[in-house]
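Please look through the structure below slowly, keeping the sequence beside it, and follow the paragraphs that come after it one step at a time.

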Amino acid sequence: MPSTLDAKRYEVIADMLQHVGMKKEDIETDFLKYLCHTLGRNISSEDYYLFKALSYATRDRLMTHWKKTWEAYNATKAKKAYYLSMEFLIGRSLTNNLLNLGIENETEQAMYDLGLNLEEIEEAERDAGLGNGGLGRLAACFMDSCATLQLPVMGYGLRYEYGMFRQLIQNGFQIEEPDHWLGLGPYPWEVQRAEYTRVVTFGGYTRQYKDPHTQQLIVHWENAEEVEAVPHDVPIPGFKNETVNTLRLWSAAAQEGFNLSEFNAGSYHEAVAEKAEAENITMVLYPNDTSENGKVLRLKQQYFLVSASLQDVVAQWKERNGSFDDFAEFNAFQLNDTHPSLAVAELMRLFIDQEGMEWNKAWSITTQTMAYTNHTLLPEALEKWSISLFEKLLPRPLEIIYEINHRFMSQVSMKWPADTDRQRRMSIIDEHNNVCMAYLAIVGSHSVNGVAALHSQLLKDGLFNDFYQLWPEKFNNKTNGVTQRRWLAGCNPGLRALLKDKIGEGWITQLTDLSKIEKFAEDKAFQKQWYDVKQANKQRLADLVFKETGVKFKTKSMFDVQVKRIHEYKRQLLNVLHVIHLYARIKRGDTENWTNRSVLFGGKAAPGYYMAKKIVKLINNVAEVVNNDPDVGDKLKVVFFPNYRVSAMEVICPGTDLSEQISTAGKEASGTGNMKFMMNGALTIGTLDGANVEIREAVGDDNFFLFGLHTPEVEELKHNYSPHHYINQSSNLQAVMRLLESGHFSQFEEGIFNDVINSIKSPSDPWMTLADFDSYVWAQQEAAAAYQDRKHWVKMSIINSARSGVFSTDRTMQEYNDDIWHLEPISIAK
């Protein structure tokens, strides 16, 4: 036991160490200390070690605020929220952390004085492989905004050893290689917190008996596999406000990593089998679930996340509070899409089995604390797991789900007596013996929100209409956003400098301040500055495209970009049909008043998604033909950008002129790429889908290129959709189909695109690609003509950026807090 004198001395030393300097000299000293003494390298080492040393030095500056934030959150009994997500696509962290700490200039100067380039060091950081698409990027933006708003919110996710995959393009085909983002050693931003390790249970069986004294039913989950969940904490700093929130990522580990008896007996594989089996749970983001083993692993991942996270919250609550009577008053859980829906059953299990709580009290607390965000309108994307898989893997949570459903069905039958059809539709257990995870989330939550106004309305009118009729008060909208700190201040330094000179930097925390630049939209001098910034960004993007693909984009051409997950409903196929249309025009000499165009595609197709991978191949084959045809020249360039990722988007969105948001109306929940492009001055060509609706309302009809069927028209047409009707009435579409069907883009791969052609010509094509083709071509012609009027285009670009203020996640998170969580911001003492 330390003496009083020792304790005082410790406090003095600890207080001294907490005050890490923010000056150039302090950063330089700490950087060299980590580089030379911790990493054993020198100033001429590879950029990755320079990055790692600078990250450790930066983390020291976060650590002081991080500890103070943790202490402040726990000093009083304040309500906290917990954000559960299978993905947190945080990308690179060094640039963002320097920005939010307010030490970018000092760090840049420190590196310069050492003969180093900060930008080159930042480029050495690998993108964290913790997510795939918009869902994970949104979660990362949410965490940034919560910290900036000083809301006590903690994120919970999984620490995947490998990202989804690293995408290569070989002979036009997508090739998946392991994305071992942790391959060069520990993630420098994380801190392992082994003392908070939790144990997650799988398999086995349950045994029930009654307590002889209380007659209460007791359930034991027995003979099960136990896997350790080891937490790794990542700091999430707010913007210049001393707040550093926590993202806790769970890594799976075996309780007994090595069986010495098996090893000594010569069974070397068996000696480490338990370790390998456990670690598989967090080995890779989103395993291919087309196989039964893939389904098992994915369900394991989902339960592993919710069980470890809820155990963590409950254990911390018990440590500071004796009773659960006011648990609901001080805790909120936000489920990011359907993946964490098992949280409903798991919290009930913890309360009933571990804490001895009776059902009604446990259910009351659960439904007061759970809130569910839905991110999809596609019924097939609402996860369902077979009863047989649940029985094998999660027998106790399944029993709880049965009981939840039994009680819920009683409630439905009371509301609608004898309406067995409705009961069948609403049951958590469907007629095919599957557990409907979205229904579990709705039943167990007090709030259900969509992520764009149209999406939320369509949920109420269609997908979840029965539930809306039962609980209209649960349903609400929270339109997505993006964080302007990463997606404007961080990724577009040229525009940031221009904005600072003109309107200051208040927009970094109050994005609506961007509206102040609209009064300069027709100012010639400001237009020139805006144009110059855009051209510099386009050159930066052109350099990246050339480095990755060998294709040269000319910055005077219109940069036309579609980057997002490859999926039929996002309609990359419609875009490539338009590219073929442009190519056909060039070949027949129809180039009067031509606008040169550089078209960039990017995105990953899920490994098991056959049609998406065919679309990737088609894009690459079309690009190969177009880029090598001497008749085309600079009139048209096409690339498929490989291995699309956050760090690439940070270069792509500032350099984009035309943002492609062309999903079938009524299919996209929101989209956030559209907001990033808009914020950086790109114009949108799009359908009335997702957040496009609100973007168009914000910028006005004259600053948005609209095309395509509206949602009611899509619904009406799907019963008598005839692709041949659209082909027959459109000479442009006929020319495109002739080129496709003749094999012009597959001269040595006969029939390779037959499935793609058959799908778009099928009356059952749910994406109705050909129905929107002529309208899309017309809107593209409007965009091309507008681009030729540089003054008018720049004006529209300025207006788009000026009116993007509503699409900040700061606004989104404030709405979550005002309507769902009800947290009090907590200021951190300096």
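In this predicted model, the residues that line the second largest pocket divide into ten nonpolar, ten polar and four charged ones. The lining is made of 24 residues, and those that lie nearest the centre of the pocket are Gly 172, Asn 620, Asn 621, Ala 623 and Glu 624. The space that this lining surrounds has a volume of about 520 Å³. Rolling a probe the size of a water molecule over the atoms is a way to show where empty space is left.

Which elements supply at least two residues each to this lining? They are helix 23, which covers 524-549, helix 25, which covers 610-627, and strand 19, which covers 636-641. Helix 25 gives the most, with seven residues in the lining of the second largest pocket.

Strand 19 also leads us to a sheet, for it belongs to an open sheet of six strands whose order is 19-18-17-20-21-22, with parallel pairing. Strand 19 and strand 22 (705-706) are the edge strands, each of them pairing on one side only. Within the sheet, strand 17, made of residues 558-563, pairs with strand 20, made of residues 658-661, in the parallel sense and over two bridges; here Asp 560 stands opposite Leu 658 in strand 20.

Helix 23, which we met in the pocket lining, can now be placed against this sheet: it lies across strand 17, strand 18 (597-602) and strand 19, and it runs at about 65° to strand 19.

Note on methods. Residues numbered from 1 in each chain as written. Predicted model: local features only at pLDDT ≥ 70, side-chain atom pairs only at ≥ 80, totals over all residues. Heavy atoms only, no water. 1 Å grid on protein atoms, 1.4 Å probe; cavity = no way out; pocket = protein on both sides within 12 Å on 5 of 7 lines; lining within 4 Å. Points joined across faces, edges and corners; volume = space filled by probe spheres on them. Helix = DSSP H or I, 4+ residues; strand = E, 2+ residues; numbered from the N terminus. Nonpolar A, V, L, I, M, F, W, Y, C, P; charged D, E, K, R; others polar. Pairing = 2+ DSSP bridges. Contact = heavy atoms within 4.5 Å. Axes fitted to C-alpha atoms, helices over the stretch in contact; angles between N-to-C directions.
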